[in-house]
Amino acid sequence: MNKSVKALRTWFAVGVAGLFLTTANATTVIPPTFEEMTDRAELVFVGKVVSSRAEWRTVGTNRVIFTLVEFERQEVLKGEAGVSVTLQFLGGTVGDLTLEIAGVPKFNAGDREFLFVEGNGVQFCPLVGVFHGKFGVRKDEKTGRDILVMHNGKTLRDVAEIGTGEGAEFGAKRAELSIPANAEPLSVDDFKSKIHDRLATHARQK
């Protein structure tokens with residue numbers, strides 16, 4: 001391992017977590033359910049990654065690396081956004097120094113993403129449930145429909161799958177999923193409909 005990477009990892013572990021969140025939130029990802037993710041998100045949108053850049057910033061008395069990812073906004077389902085959205089993630093590479101933050105997702109130019117955003121510019125990762133709040137949009141080779149890929153690389157077949165897998169041991173106990181192994185992936189359009197339904201339900205409950 002590069003010495004500079006190792007040193008920055010160690011430095012982050014002992015000094016940076018408390019700058020943005022409580023220590024518990026910074027070190028343990030609580031997997032959200034679909035309902036929790038939709039309710040908590042300040043912004044839900046589909047966007048195309050335009051670019052990303054890393055830079056040093058001063059936070060309190062510390063200097064840390066942030067990566068700024070710019071998205072071309074394609075559709076907004078909750079909240080408000082301009083023609084582009086820039087999200088700030090703790091970590092990245094500047095010169096020969098790299099700060100790696102476990103669980104913080106990475107983005108590639110040209111990728112389409114379905115994102116659930118909260119605390120942009122405040123939290124170390126501006127996504128609900130960190131990696132749980134990011135879904136890659138891909139074309140299904142069988143049907144030609146746009147489908148969603150979760151953080152674990154699996155296609156999303158049912159919203160009940162959200163918050164399962166990695167980190168699920170820290171969340172509330174859930175009923176065992178009974179989704180058939182041959183179930184078709186959930187289309188992006190169907191996912192949008194479920195989000196709209198949840199938003200309407202949540203509004204009525206207030």
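**Figure 1. Lining of the second largest pocket in the predicted model.** By residue class, nine nonpolar, six polar and three charged residues form the lining of the second largest pocket. The space in this pocket comes to about 270 Å³. Its lining is made of 18 residues, and those nearest the pocket centre are Thr67, Gly91, Gly92, Pro105 and Lys106. Two or more lining residues come from each of strand 1, strand 2 (62–78), strand 3, strand 4 (92–94) and strand 5 (97–99). Strand 1 contributes the most to the lining, with three residues.

**Figure 2. The largest cavity and the residues around it.** One cavity of 30 Å³ or more is present in the structure. The volume of the largest cavity is about 30 Å³. His132, Phe135, Met150, His151, Ile162 and Gly163 line this cavity. Divided by class, the lining holds three nonpolar and three polar residues, and no charged ones.

**Figure 3. The open six-stranded sheet.** Six strands form an open sheet in the order 3-2-1-6-7-8, and their pairing is antiparallel. Strand 3 (84–90) and strand 8 (146–149) are the edge strands; each has a single partner strand, so one side of each has no neighbour in the sheet. On average, and with direction ignored, neighbouring strands of this sheet are turned by 35 degrees against each other. Strands of a sheet are paired through backbone hydrogen bonds, in either a parallel or an antiparallel arrangement.

**Figure 4. Strand 6 and its two partner strands.** Strand 1 (residues 43–59) and strand 6 (residues 112–117) run antiparallel and are joined by six bridges. Within this pair, leucine 43 has valine 117 of strand 6 as its bridge partner. Strand 6 also pairs with strand 7, again in the antiparallel sense, over three bridges. Here glutamate 113 is opposite glycine 136 of strand 7. Five of the six residues of strand 6 are buried, so this strand is largely enclosed by the rest of the structure.

**Figure 5. Valine 130, a residue with positive phi.** Valine 130 belongs to the loop between strand 6 and strand 7. The phi angle of valine 130 is near 55 degrees, a positive value in a residue that is not glycine. Most residues other than glycine have a negative phi. Valine 130 has a relative accessible area of 8% and is therefore buried, the cut-off for this class being under 20%.

**Figure 6. Lysine 139 in strand 7.** Lysine 139 is located in strand 7 (residues 134–139). The relative accessibility of lysine 139 is 54%, so this residue counts as exposed; the class requires a value over 50%. With residues up to four places away in sequence left out, lysine 139 touches Gly144, Arg145 and Asp146. The C-alpha atom of lysine 139 is separated by 9.9 Å from that of valine 188, a residue 49 positions away along the chain.

**Figure 7. Serine 187 in the loop before helix 4.** The loop between strand 8 and helix 4 (188–205) contains serine 187. Serine 187 is buried, with 5% relative accessible area. With residues up to four places away in sequence again left out, its contacts are Arg145, Asp146 and Ile147. Arg145 and Asp146 are also among the residues touched by lysine 139.

**Figure 8. The chain as context for the close-ups.** Four helices and eight strands make up the secondary structure of the chain. Along the sequence, these elements follow the pattern α-α-α-β-β-β-β-β-β-β-β-α. The chain has 206 residues, of which 42% count as buried. Of the contacts between residues at least 6 apart in sequence, 62% join residues at least 24 apart.

Methods
Residues numbered from 1 in each chain as written. Predicted model: local features only at pLDDT ≥ 70, side-chain atom pairs only at ≥ 80, totals over all residues. Heavy atoms only, no water. Pairing = 2+ DSSP bridges. Axes fitted to C-alpha atoms, helices over the stretch in contact; angles between N-to-C directions. 1 Å grid on protein atoms, 1.4 Å probe; cavity = no way out; pocket = protein on both sides within 12 Å on 5 of 7 lines; lining within 4 Å. Points joined across faces, edges and corners; volume = space filled by probe spheres on them. Nonpolar A, V, L, I, M, F, W, Y, C, P; charged D, E, K, R; others polar. Buried < 20%, exposed > 50% of the residue type's maximum accessible area, 1.4 Å probe, protein only. Contact = heavy atoms within 4.5 Å.
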